[in-house]
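Colleague: Could you pick one part of this model and go through it closely for me? I'd like the cut-offs along the way.

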Amino acid sequence: MAVERIGVVGCGLMGSGIAEVCAKAGYRVVVREVTGELLDAGMKRLTGSLDRAVAKGKLSAEDRDAAQARIVGTTDIGAFAECDLVIEAAVEKLELKRKIFAELDQVTPPQAILASNTSSLAITDMAAATKRPDRVLGLHFMQPVPVMPLLEMVRTVLTSEETFQTARAFGESLGKTIVVSKDNPGFIVNLLLIPYLLQAIAELEKGVATKEDFDTAIRLGLNHPMGPFTLLDFVGLDTTLFIADAVFDETKDPRFAAPPLLRRMVSAGWLGRKSGRGFYDYGK
Ligand SMILES: NC(=O)c1ccc[n+]([C@@H]2O[C@H](COP(=O)([O-])OP(=O)(O)OC[C@H]3O[C@@H](n4cnc5c(N)ncnc54)[C@H](O)[C@@H]3O)[C@@H](O)[C@H]2O)c1
């Protein structure tokens, strides 16, 4: 099946990045937000990212203009009527995602593939909200999408071979390296990452070492680009807590039980870089 037109649901952190990489790869993109204001903010983020790529010499001004010309922003879900593949990147709430999938099932062509960028929710639950569960799968991009080379593909027991192969070819055409997971809570990356981050918080609570020393130990001892507390601030403490709770709720696996300190910090609004304060203080 030929994929030419891409729909993206949500123009937040991930949706804007996904729209950007698709347009840069030559696809025509329709990106949908819920309000004109949110759409403007998302398009501004997208344009800023393209401009930064030009400033760094990674993209020519002509290619930026061409990519921008391939993207249409809208608040109308009906605008997905001609899309071959729609990628949902709305907020991480299952009921909302199920509603979006049911709507997409109504407005997109019957052969279109519907994908979710969820970090932790079951793709099968979204597939079950449609009449085309064989054409539903997970396409889990990493943040920031234009920079991170990995794409996790999530295949449910209902995903057809044709859907899977078409989506794989699409992912490769974006220049991403693909790994494949079952529809298992946490998929691959978060299955390993979240218990590690939660344990780091629990050990900090016990006073084993300072956050600076944990970060230095992992950076210089294991050659990771950042230690756990810098990474937690980057990912977002609320996002980390949401994934931990979602996986714990489903599996009762104690490795995903969030330490009280994480929950308190999220309640306090210390969400990491995006709120100016997490484990570290980023000022304004
Ligand atoms: N932030 C990350 O590091 C990361 C990484 C991988 C995957 N994800 C996943 O990507 C998804 C989006 O995360 P994000 O970080 O971009 O969140 P975000 O809050 O930045 O963006 C979500 C956007 O979706 C919009 N939205 C909500 N309902 C909508 C609808 N019906 N139609 C169109 N837009 C709608 C919201 O207005 C918001 O702007 C989540 O499922 C998240 O788990 C996030």
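Modeller: Sure, naming first: helices (H or I, at least four residues) and strands (E, at least two) are DSSP runs, numbered from the N terminus. Bear in mind that this is a predicted model, where local features need pLDDT of at least 70, side-chain atom pairs count only at pLDDT 80 or more, and totals for chains, interfaces and linings use all residues. Residues count from 1 along each chain as its sequence is written, and side-chain values use heavy atoms, leaving out hydrogens and water.

Let's take α8, the twelve residues 211-222. The expected span of a helix is 1.5 Å times one less than its number of residues. For α8 that gives 16 Å, and the end C-alpha atoms do sit 16 Å apart, so the two agree.

Now, which way does α8 face? Phe 214, Asp 215 and Ile 218 are its buried residues (buried is under 20% relative accessible area, exposed over 50%, partly exposed in between, with a 1.4 Å probe and protein chains only). Looking down the axis of α8, those buried residues fall within an arc of 95°, so they line one face of the helix; the arc is that of the directions from the helix axis to the C-beta atoms. Their packing partners are α7 (189-206) and α9 (228-235), with contact meaning heavy atoms within 4.5 Å. Over on the other side of α8, Leu 220 and Gly 221 are exposed.

One last detail: just after α8 comes Asn 223, which takes a positive phi of about 65°.
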